[in-house]
Amino acid sequence: MNVDRSVHIHPAAKLRARNVVAIASGKGGVGKTWFSITLAGALARRGRRVLLFDGDLGLANVDVQLGLTPPSDLAGVVTGRIGFAEAISSYEAGGFDILPGRSGSGSLGRLPAERVAMLRLGIVQAARQYDTVLIDLAAGLDQSVRALAATAGTALVVTTDEPTSITDAYAFVKAMLRDNPEADQRIVVNMADSQAGGFRTYETLRNAAQNFLGVAPKLAGIVRRDKLVREAIRRQTPLTIRHPNAPAAMDVDKIAGDLAI
């Protein structure tokens, strides 16, 4: 799919698709990229056509976690060398497609707003060819993160039980509410010691959002801490392939089931 550079950049509200899911976190180190990859695999196992877009524009690592050396990536798209669709690679083992970024690319991390808008247009156009498009966003709240997040009909905000993670997740919910009030925001508690502990983390975040923002994000799911996650990452293989019955894989599969409805 080639993105016509002569095309007028649509108003922000139109650069959005209901089947685009942004995966976000205010804080880094919460397992967001791992969750994105695992969710893509779980959705594919349910027969969904899935594109995973590596939206961590400056520190992309979806391809690294999958052990891939893709022939093209997002850098070619933003420089105009190739079209959006040409940068998409098939990850056959997982049954889904990826559009990889480029790790350590400072230029990608400092994209001007018009280039980010062009990426958003490419995502919206690609969403017509897939059941679900997942955007693995960078941590934080810079302009490119917020712009890409506004492309999504649903945002999954990943947090852990660390106070800084909860605080930063709250900040993301607040910013997303301002940028895209209609967005369906849901919370994923990752690396929970137990279901009960994960639910307490969710309640802390939900109560803060309800008291200060007047919204109560739903709970998308709780992913239990699982030592097999680290082993799968080290082997550069999705947990859904290497250990499909691991507790964390089953937790993500449940979230995928709710999204696939």
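This report walks through the open spaces, one strand and the nonpolar cores of a predicted model.

**Spaces in the model**

Let's begin with the empty places. Rolling a probe the size of a water molecule over the atoms shows where empty space is left. The table lists three such spaces with their volumes and the make-up of their linings.

| Space | Volume | Lining by class |
|---|---|---|
| Largest pocket | about 510 Å³ | 10 nonpolar, eight polar, eight charged |
| Second largest pocket | about 200 Å³ | three nonpolar, four polar, four charged |
| Largest cavity | about 50 Å³ | seven nonpolar, two polar, no charged |

Which residues lie nearest the centre of the largest pocket? They are Val30, Gly31, Met191, Val229 and Ile233, out of a lining of 26 residues. If you would like to find the walls of the largest pocket in the structure, look for α1 (32-45), β7 (184-192), β8 (218-224) and α9 (227-234), since each supplies at least two residues of the lining. The largest share comes from α9, with four residues.

The second largest pocket is lined by residues from several stretches of the sequence. Among them are Arg16, Ala17, Arg18 and Asn19, along with Ala152, Gly153 and Thr154. Asn180, Glu182, Ala183 and Asp184 also belong to the lining of this pocket. Here the elements that give two or more residues are β1 (17-24) and β6 (152-159).

How many cavities of 30 Å³ or more does a search of the whole structure find? The search finds one. The lining of this largest cavity includes Trp34 and Ile37, then Gln65 and Leu66, and also Ala232, Ile233, Thr237, Pro238 and Leu239. Helices α1 and α9 each supply at least two of the lining residues. You have met both helices before, as each also gives at least two residues to the lining of the largest pocket. Ile233 turns up twice as well: it lines the cavity, and it is one of the residues nearest the centre of the largest pocket.

**A covered strand**

Now let's turn to strand β2, residues 50-55. Are its residues buried or exposed? Six of the six are buried, which makes β2 a mostly covered strand. Val50, Leu52 and Asp54 point one way from β2, while Leu51, Phe53 and Gly55 point the other way. Residues on both sides are buried.

β2 also has partners. It pairs with strand β5 (residues 132-137) in the parallel sense, over six bridges, and in that pairing Phe53 has Ile135 as its bridge partner. Strand β4 (residues 96-99) runs parallel to β2 too, joined to it by three bridges. There, Leu52 stands opposite Ile98.

**The nonpolar cores**

In soluble globular proteins, nonpolar side chains tend to be buried together. In this model, the largest nonpolar core has 45 residues. Those with the most contacts inside this core are Val20, Phe53, Leu119, Ile123, Leu137 and Phe172. Helix α7 (residues 163-179) gives the core its largest share, six residues.

Take Ile123 as a place to look around. Leaving aside residues up to four places away in sequence, Ile123 touches Val20, Phe53, Phe84, Val133, Ile135, Leu148 and Thr151. Phe53 and Ile135 are the bridge partners you met in β2 and β5.

A second core, separate from the one just described, has 34 residues. Val30, Leu66, Phe96 and Leu156 are among them. Two of these names link back to the spaces: Val30 lies among the residues nearest the centre of the largest pocket, and Leu66 lines the largest cavity.

Methods. Residues numbered from 1 in each chain as written. Predicted model: local features only at pLDDT ≥ 70, side-chain atom pairs only at ≥ 80, totals over all residues. Heavy atoms only, no water. 1 Å grid on protein atoms, 1.4 Å probe; cavity = no way out; pocket = protein on both sides within 12 Å on 5 of 7 lines; lining within 4 Å. Points joined across faces, edges and corners; volume = space filled by probe spheres on them. Nonpolar A, V, L, I, M, F, W, Y, C, P; charged D, E, K, R; others polar. Buried < 20%, exposed > 50% of the residue type's maximum accessible area, 1.4 Å probe, protein only. Pairing = 2+ DSSP bridges. Core = buried A, V, L, I, M, F, W, Y, C linked by side-chain atoms within 4.5 Å. Contact = heavy atoms within 4.5 Å.
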